[in-house]
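Here's a Q and A on how a few structural labels are earned. Each answer holds a value up against its definition.

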Amino acid sequence: MITGKRHTECFLLCLSGLAFLMAAGCEYEPVEKERQVPSSTIVLGIESADGEHQRPAVEFDHALHVKARSGEGCGECHDTDDDKKPVFNLVTSAATDDRDDIMDMYHAQCIGCHQELEEEGAESGPSECGRCHIEQPGGLVVRSPASFDYSLHYRHVKAAKEDCGTCHHDKDEKTSELRYFKGQEKSCSYCHGEEDDGKKLSLQNASHRACISCHLDNKEKKIETGPVNCEGCHDIAKIMSREKLSEFPRVSRNQPDKVWLYVPGAMSKMVPFNHELHETLTEFCSDCHHRDLKKCSECHTLTGKEDGQWITMNEAFHKADASSSCVGCHKKAAGRRECSGCHVSLPEPPSESLCMYCHSGPQFAEKPQTMPMPALPEVNSEALPDAGVDFPEKVIIDVIAKEYGPSDLPHGKIVRGLYKTISESRAARRFHGSTGLMCTGCHHNTPHGTRPAPCRSCHAGQGDPEKDMPGLKHAYHRQCIGCHQAMQNKAQGCEDCHKKASKASSKEVSP
Amino acid sequence: MKISRRGFLHGMAAAGALATGTAKAAGHRKFDGYPGSFGLLHDTTLCVGCRSCEAACREVNNLPPVEVPVGDKDIFRKKRRTTEKAYTVVNEYRKATETTPAVYRKHQCMHCNEPCCASVCFVKAFTKTPEGPVLYDPDVCVGCRYCVMACPYYALAYEYDDPVTPRVVRCTMCYPRIKKGLNPGCSDACPTGAIVFGKRKDLIKLARDRIARFPDRYVDHVFGEHEFGGTSWLTLAGMPFGQLGLHDGATHTPIPEMATSYLSVVPLIVTIYPGLLLGMYAFTKRKEALALKEKNKAVADTLAKADEETKKKLADAAARAAKDKERAVNQAVKKAGAEAKKAAEKKEDEK
Amino acid sequence: MMHTLFDFLTFTKGSTYLVVAVFLIAFIPFWLFLTERQEKQSTVRAKKK
Amino acid sequence: MNESPSERTGIITPFNVIAAVILAVGAVIILIRFVKGLGATTNLTHTNPWGLWIGFDVMTGVALAAGGYVTSSAVYLFGMKEYKPIVRPAILTGFLGYFLVVVGLIVDLGRPWRLPYPFVVQAGPTSALFEIALCVALYLTTLFVEFTPAAFEWLGWKRWRKVVVSMTVALTIFGLLLSTLHQSTLGAMYLATPTKLHPLWHSPYIPVHFFVSSIAAGISMVIFESMLSHRVFGHLVEISHVQFDNITVGLAKAGSVVLAVYFAIKVTGISLEDKWHYLSTPMGHWYLLELLGFVLLPCILFAVGFREKKTGLIRFAGAWTVIGIILNRLNVSIIAFNWQLPPDERYVPHWMEIWVTITIVTFGVVVFKWIVNRMPILYEHPDYRGMH
């Protein structure tokens with residue numbers, strides 16, 4: 001009995017010791033997770049010139065106040081315009097921008113209200129400094145920009161009974177007043193920026209004012225309408241869960257369906273561009289057009305213009321690391337997990353042969369008056385051949401089997417997987433020309449339609465460092481593991497593909 | 001024993017043989033290392049952490065086989081370093097995530113172009129061979145371990161448990177195999193060709209070429225091309241080298257240059273001190289001598305003064321004596337004259 | 001022809017050691033030569049006294 | 001004179017007993033080290049190849065043995081005759097100090113029997129260590145020769161004594177030269193580790209830091225050691241207390257100035273490489289502790305002690321400076337070295353290492369005692385009074 005107790009004690013002791021050792025052994029890395037502040041909380045705190053706060057910033061729970069004072073209406077805290085409508089300016093962007101004035105204003109507003117309520121004997125908030133200015137680790141406000149995608153836009157179009165003027169307006173140069181110009185709608189950010197001078201509001205104030213007041217009106221009119229609180233537009237979860245229309249007409253702002261991409265003076269072949277198709281592939285116009293909806297070539301000329309921040313036409317279309325350039329966007333698409341297996345091993349820049357996939361139009365020094373509508377043929381993926389000598393179902397790789405046994409490669413399974421991915425994507429079909437190109441993902445440098453040569457015919461022995469040509473063993477492992485890593489296939493360890501061999505056979509079988 | 005062949009200042013003798021070039025080898029001269037020396041390129045973006053290199057290294061160097069079987073990833077829970085039983089180790093520097101694979105780096109002696117270990121060794125036990133490897137000679141090693149302490153890559157290990165013939169141990173870049181025309185064990189074993197052996201210059205080209213072709217796979221830097229004067233082992237990476245246990249933004253100045261910078265003051269001190277100090281010594285001596293002279297002079301003067309006075313006293317005394325005498329004589333003469341007169345008058349009266 | 005800074009340093013530092021050693025030793029006879037007469041004179045002076 | 005109380009009361013004194021125990025155990029440990037290797041007796045690792053035996057026995061030992069060259073050059077080169085009575089004890093301490101350094105080295109080296117290799121087999125002239133080895137070897141000899149007159153007087157070999165005494169100036173100059181070189185080069189050793197030693201301690205000035213601090217160490221050691229020997233061997237000392245106190249006060253002045261200079265160049269070093277921002281880090285606070293607590297403070301204490309002629313304060317400052325120098329050398333060689341490594345990769349000395357260090361120091365004290373009790377160190381030999 002006692003001995004038994006002893007044993008357990010000893011065991012526990014050892015266990016704890018072991019645990020300690022392991023703890024000591026493990027590399028410790030700082031795992032301080034940042035405190036998340038909900039989107040409905042507004043952090044109030046203006047840094048002084050030397051970036052110092054006298055007291056920690058106040059985390060103002062907007063939702064709580066809305067709930068508590070729901071009866072009173074927003075005007076209680078927010079300024080109201082001439083016709084007593086609340087304008088949802090951030091108080092900080094009010095008349096003054098002197099730090100102390102703003103601070104006083106807040107203190108007056110908050111504490112004043114809290115004290116009044118207290119006197120009334122109603123439930124109230126704190127009026128002592130420390131209970132609003134709470135010392136706590138700086139948090140990360142999870143507030144994502146309100147995303148006004150095509151679907152949401154159409155819902156507004158419907159709600160506004162096709163009257164675009166409800167939201168869109170522009171400044172009349174003559175009368176210098178705001179009115180609606182048909183067919184010249186722009187995104188808000190075209191005029192409304194960061195700055196807010198009493199007259200032209202900042203994007204934030206403008207949109208808050210426009211959206212929320214409209215939603216409030218509808219609310220009063222008991223019409224189904226959009227959110228009036230912060231999280232309604234700025235909480236990522238809410239945004240994702242928002243109902244997305246599956247079918248809705250295109251945003252109509254007299255844009256073309258199909259268009260020739262042409263830049264005056266460019267000697268390259270023209271690019272037939274399917275604008276309509278790309279609308280379905282993007283979420284906002286601003287994915288490609290930045291603020292206004294001009295033609296690319298207006299700002300991005302051959303040599304670049306100031307309006308285009310000196311980005312040339314060539315860069316605008318081809319810059320690989322730009323989000324809004326053709327190549328950049330396509331590259332991003334090709335980086336998706338299901339594509340990356342092949343695309344990860346494509347060198348930069350891509351081979352010239354790829355240019356023709358886009359530059360398939362005619363070539364003119366001067367753009368002719370009349371051009372035929374660009375024809376963009378729908379490419380259908382051809383069927384896979386039946387399994388056989390030319391399309392083996394299984395390939396046993398044992399050419400170099402030594403301490404590890406042969407590895408049987410599920411060729412058919414892999415190919416069918418890729419085939420499915422490609423044939424489901426219009427772009428993939430278009431750019432892989434046909435499924436034939438798919439094979440070159442692994443059997444690179446093999447002309448389409450011909451039976452691939454065995455890997456070892458190029459990847460001989462130790463390979464050739466001069467040409468950066470890996471040897472056979474290296475080629476196999478890089479191709480397989482590289483692809484598995486890119487496509488997040490868990491089979492990346494030695495034993496996953498071939499077992500440790502007891503007796504190595506090295507029978508030549510063409511892979 | 002090799003020692004018999006060596007003589008004192010063997011090092012200088014060896015260098016002296018190369019003295020032909022030294023006329024040009026002035027301070028401004030840049031040294032580019034041995035042309036056509038070999039190196040290895042470790043592409044960490046291709047390394048899958050299988051540790052085949054570790055196993056192969058132990059095999060070709062007749063070391064005990066790896067304790068944890070190849071492919072077992074548990075070993076990466078603890079960071080390891082090279083020891084007297086493991087000339088190379090692979091460590092995991094970033095854990096695998098859902099979307100990104102883990103990042104590994106193989107560590108071993110970097111075989112510097114300007115080896116720090118060699119420059120700090122006071123018996124010159126290390127030599128940079130024209131082939132690239134830095135070789136160590138246990139026959140002269142005294143065991144001070146300054147090399148182990150100075151190596152910026154923590155690549156050297158020491159046989160602490162050997163009381164009689166402890167050695168510094170480290171990767172030899174498989175010098176014997178290279179001499180035989182073979183590749184280093186690790187590069188042969190690597191399944192993905194993440195370790196490439198070749199002429200260092202070619203490998204740098206190769207690395208740059210890879211960076212150019214896959215700009216978003218690599219950090220645009222080849223570690224070991226210039227760091228501390230460059231190393232034979234070159235490293236490519238997809239993440240900052242600082243996070244791979246290497247020195248981010250290390251200087252290009254070879255450590256030997258920094259380490260020996262002060263030694264150029266030594267000859268100055270040796271040549272200046274004797275003159276300077278003897279000067280000071282002479283100075284103090286002179287001060288003492290002067291002080292002595294002053295003293296003597298003072299004594300002499302006082303003596304002289306005293307003696308003057310006595311002389312004067314004597315002289316006066318003499319003078320006074322003479323006067324008295326004269327007076328006495330005159331009186332005597334007068335007296336005599338008067339008496340004679342009297343006598344004469346007396347004579348006339350008798351007649 | 002030297003290829004590494006290390007070789008260059010080994011040569012220069014080594015030879016410099018030899019050079020300064022020579023100078024250090026040579027300084028003693030030099031000093032004696034320099035002060036020989038002076039010593040004599042002082043002794044002579046001493047004798048006169 | 002050759003009779004001393006410690007001998008009259010026989011061999012069994014508390015001191016002797018304790019010393020005997022320490023030495024006995026130490027001897028056993030050293031035996032283990034040579035039979036089973038460094039691994040069995042030290043916490044040295046591949047990452048931390050230098051431990052207490054280098055950091056204290058060598059680094060600190062050399063610094064604390066600086067009294068010899070400081071005093072001898074003061075008296076024989078700069079004609080400060082009044083310090084004559086402290087030269088011999090200082091030189092003896094110096095000689096023993098360096099002797100112990102070599103002993104420590106022999107214990108620490110992997111193959112100590114090859115110690116002469118750099119001179120007889122193959123030289124590594126690019127190494128700071130080569131220069132140090134050369135200087136220490138020569139300086140040890142120099143100190144020995146400088147010490148011999150005492151021995152010759154004891155033995156009564158007048159002619160030998162005469163020869164050596166005639167070389168005094170040459171020896172002193174040579175000693176000062178060698179000390180300047182190796183004291184500074186000890187610091188220069190760390191010029192090779194820019195990535196490992198904390199930037200606050202690593203500086204292009206580090207050789208100068210080491211040299212200047214060694215002077216301070218020498219002076220403080222002389223103050224400290226003379227105080228001790230006057231306590232312990234009072235019966236041997238013949239200079240009057242007044243004379244002894246004057247010497248102490250004079251030393252305080254020197255010590256204060258040297259420490260002030262040391263402080264200045266240390267701060268200058270920080271500005272030279274714009275390393276101010278490190279001062280706000282934990283290591284920076286540790287550095288400030290060393291700089292303000294163990295350089296500036298004793299500097300001020302010495303100054304006050306000198307002004308007020310407070311020998312007690314001066315002796316305290318002396319001891320404080322000695323601790324400061326030890327701290328500095330340990331910082332450079334152990335505490336601020338590999339500072340960026342995680343705790344489990346840092347070096348902490350093994351108890352055996354500490355014991356061996358204590359053993360070596362004890363050994364030194366015993367030998368010092370033995371010699372002082374016999375030879376004319378603290379007093380002038382009657383036959384040679386007022387000579388040399």
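Q: What makes B:D43 and B:L236 a pair worth naming?
A: B:D43 stands opposite B:L236, which sits in β9(B). The strand on the other side is β1 (residues 38–43) of chain B, and β1 and β9(B) pair in the parallel sense over four bridges. Two strands pair if DSSP finds at least two bridges between them, so four bridges pass that test. Strands here are DSSP runs of E with at least two residues, helices are runs of H or I with at least four, and both are numbered from the N terminus.

Q: How were the numbering and the cut-offs set up?
A: This is a predicted model, where local features need pLDDT of at least 70 and side-chain atom pairs count only at pLDDT 80 or more, while totals for chains, interfaces and linings use all residues. Residues are numbered from 1 along each chain as its sequence is written, with chains lettered from A and ligands numbered from 1 in the order in which they are written.

Q: Why are β8 and β9 of chain B called edge strands?
A: The open sheet has three strands in the order β8-β1-β9 (chain B), with mixed pairing. β8 (195–199) and β9 (233–236) of chain B each pair on one side only, so they're the edges under the pairing rule. On average, neighbouring strands of this sheet are turned by 25 degrees against each other, direction ignored. Axes are lines fitted to C-alpha atoms, for helices over the stretch in contact, and angles run from 0 to 180 degrees between N-to-C directions.

Q: What lies across β1, β8 and β9 of chain B?
A: That's helix α7 (residues 200–213) of chain B, running at about 130 degrees to β8(B).

Q: Which residues of α2 in chain B are called buried?
A: In α2 (residues 52–60) of chain B, they are B:S52, B:C53, B:E54, B:A56 and B:C57. Buried means that 20 or more other C-beta atoms, placed from the backbone, lie within 10 Å of the residue's own (exposed is 12 or fewer, partly exposed is in between). The cover over the buried residues of α2(B) includes β2 (89–94), β3 (103–107), α6 (185–189) and β8 of chain B. Just after α2(B), B:N62 takes a positive phi of about 50 degrees.

Q: How do you know whether chain B is a compact globule or not?
A: Check its radius of gyration, taken over C-alpha atoms, against the globule rule of 2.2 Å times the number of residues to the power 0.38. A compact globule of 351 residues would come out near 20 Å, but chain B has 48 Å, so chain B doesn't fit the rule. Its C-alpha atoms fill a box of roughly 180 × 50 × 45 Å along the principal axes, and 38% of the 351 residues count as buried.

Q: What makes B and D stand out among the pairs of chains in contact?
A: Of the five pairs in contact, chains B and D share the most contacts. A contact needs C-beta atoms, placed from the backbone, within 7 Å. Here 55 residues of chain B and 49 residues of chain D take part. On the side of chain B that touches chain D, α9(B) gives the most, with eleven residues.

Q: How do you know whether chains A and C touch?
A: No contact joins chain A and chain C, and their closest C-alpha atoms lie 25 Å apart.

Note on methods
Two residues are in contact if their C-beta atoms, placed from the backbone, lie within 7 Å.
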